[in-house]
Amino acid sequence: MSDDLKILEDVANSEYKWGFVSNIESDNAPKGLNEDIVRFISAKKNEPEWLLEYRLKAFRHWQTMTEPVWPNVTYPKVDFQDIIYYSAPKPKVQLDSLDDLDPEIKATFDKLGISLEEQKRLANVAVDAVIDSVSVKTTFRETLLEKGIIFSSFSEAVHEHPELVKKYLGSVVPYTDNFYAALNAAVFSDGSFCYIPKGVRCPMELSTYFRINSAGTGQFERTLIIADEGSYVSYLEGCTAPMRDENQLHAAVVEIVSHAEAQVKYSTVQNWYPGDKEGKGGIFNFVTKRGICLGNKSKISWTQVETGSAVTWKYPSVILKGDNSVGEFYSVAVTNNMQQADTGTKMIHIGKNTSSTIISKGISGGRSHNSYRGLVKINKSADNARNFSQCDSLLLGDQCGAHTFPYLEVSNKSAKVEHEATTSKVGEDQIFYCNQRGISTEDAVGLIVNGYCKEVFNQLPMEFAVEAQKLLAISLEGSVG
Amino acid sequence: MLTIKDLKASVEEKQILNGLNFEVKPGEVHAIMGPNGSGKSTLASVLAGREEYEVTGGEVMFNGEDLLEMNPEDRARAGVFLAFQYPVEIPGVSNANFLKTAVNEVRKSKGLEALDSKQFLKIMQEKMKLVEMDKAMTQRSVNEGFSGGEKKRNEIFQMAMLEPSLAILDETDSGLDIDALRIVANGVNALRDGKRSFIVITHYQRLLDYIVPDFVHVLYKGRIVKSGTKDLALELEEKGYDWIKEEVDATLNA
Ligand SMILES: Nc1ncnc2c1ncn2[C@@H]1O[C@H](COP(=O)(O)OP(=O)(O)OP(=O)(O)O)[C@@H](O)[C@H]1O
Ligand SMILES: [Mg+2]
């Protein structure tokens, strides 16, 4: 983030260079989904024929599929014909000053300690000094361009680097993978594309934060990250500012390809609207995230802090194909009030001497349900594979539920697999101890839970970790009692 | 400063404090002794506001305010500090972070600015010297993996950081080696400034050689049954509690 801040500063001090305004006619597709809608989306985005074909194949396949019912979550059935699958990116409503901002969002900004300048930027306040994300991005991109790094919106990449997109799109998450992946492949709106060339270490954390129109692309986001041999990138998804979205269903797909000796670190903070205390409203977040370690010694780490959404269904996974490759999954999933989360990971060991680590911390408060679901699969070919899994659940009350579903499939005798699981409650003793030092119960719970999640937060880039901690405290408000 | 009148309290339907009277004036050091299970820790818990302990009668005034009406964090912010007999571990939360949160909460309640990291660090270093605490300890998780003696020393360190007006030390001396005992006592003595008051709960008169009390009280069956000066502690050391128990039980049965 410090790099990002530097860029912000640089941009603020430099002139506005390439101010371009995307001029998209503001028509929406009619409600519902059929082949015409898929064609409509593709045409709107001026896509090449091969991509339309890809979308159509995905759509036809999706029609043969049914919604998965195995996750440990319940929610009203989604009517897929009642959704608008294409709406032109709308400019955000401009506010005259921060005083016009929803007080609740303003309060959250303050609690997160987001600077006033940044608040204005996030809330789209019309002020001369406000840094336009387009120009920020331009400067940002120049720095990257010098190193040959491509970081752009998915749509841009389709036009500017069709060979890369064509080669890798669907190579990790094929549209046949699952119901939501198929839906996404058919109707994805936009997302990010990132390519790190051979031997290049990306000098800054790449953040979706800096993407144009990112707010409008949330519903069916598509992300593709390719790290060529010996490269390194740390990628941040999401931002910790409060996110409101009218789209109830979110079905994103993220694909990561890590070549030999390349490393990809992917960090997410997800705080979509969780619904109110009674569980009304809120986002359904059904995400497919998967990475493949293609070559020798490649590495992929997922770190996620999940505090939002009404229903979350998400299993960032790693296919350890290359020998000596490494997969990691660090997760904090917080559920409060009526939230439900079914999240975890899959580590698929194929190469020799592959190793994976899973650290999952589930925290449940209110009447929420929090499930860890993880698969460790050691193929016959994976000699000397190793896995360590630790799944801890913390209960903040007695009306919430924590569940653990570890699956283990070992087909190679040389595998070493360790699994540890604990369930605990925030101790009255701990809270009282904090109280006795002048710390309120709410702050005490925040402190204790943050301590509990330390191993995961340690994996996050520093600035992100600080905000994630504050976010955690906010989402735990009223969780005990 | 602290006035306790006819305090009655019970835990899990069992009456532990049976009409306790007690007064502490600014700057005084009171030692409370008494047999196991007589209610010393219960008294400390009730003063600190622990929920499981139900106050069934009496009143406690602290600097003119009704202490029993306040929630535990407000009592702490008002200057009541309890060094726990069994300090709690908080994994993953560094001692420094914990204390910074606590100190700034207390400051906030007094309308003072929060300390930034640099200011905090400076104060912390001063106080660490006071209890001869190792720097590494401040970076470790609160009490996690601390030895019994280290936990007790950490309580005194926290007290030094929070600068309460009334400190209640519940058997802070038990489990300390000779050197640690001296260090803890020095820490307490350094904080004696003629205004700050202490209630020192202990089983051993040895501590009172280091922290010389103004008064010594015996708590038995939920009441203060005898009060005196430091000499009372010596007498107890020599004779045990039987003679007091007999006296009390005789009057109770009368
Ligand atoms: N949470 C509790 N639940 C049940 N009984 C309790 C509880 N806390 C205290 N008691 C009982 O209350 C009585 C007084 O306990 P307390 O801890 O106050 O004694 P004490 O004087 O501090 O003893 P010691 O010298 O051993 O520390 C004991 O009989 C104890 O078992
Ligand atoms: Mg006791």
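Visitor: How many residue pairs are in polar contact between chain B and chain A?
Guide: This is a predicted model, where local features need pLDDT of at least 70, side-chain atom pairs count only at pLDDT 80 or more, and totals for chains, interfaces and linings use all residues. A polar contact is a pair of N or O atoms within 3.5 Å; within protein, one must be able to donate a hydrogen and the other to accept it, and residues adjacent in sequence count only if both atoms are side-chain atoms. With both residues at pLDDT 80 or more, the count between chain B and chain A is 11.

Visitor: Which element gives the largest share of the side of chain B that touches chain A?
Guide: Helices (H or I, at least four residues) and strands (E, at least two) are DSSP runs, numbered from the N terminus. Residues are numbered from 1 along each chain as its sequence is written. Among the elements of chain B giving two or more residues are helix 2 (72-77) and helix 6 (148-162). The largest share, 6 residues, comes from helix 3 of chain B.

Visitor: How many residues does the contact take from each chain?
Guide: Contact means heavy atoms within 4.5 Å. The contact takes 18 residues from chain A, and from chain B 29 residues.

Visitor: Which side chain meets Glu155(B) in a salt bridge?
Guide: A salt bridge is a side-chain nitrogen of Lys or Arg within 4 Å of a carboxyl oxygen of Asp or Glu. Between chain B and chain A the count is 2 salt bridges. In one at 2.6 Å, N to O, the partner of Glu155(B) is Arg437(A).

Key. Chains lettered and ligands numbered in written order. Heavy atoms only, no water.
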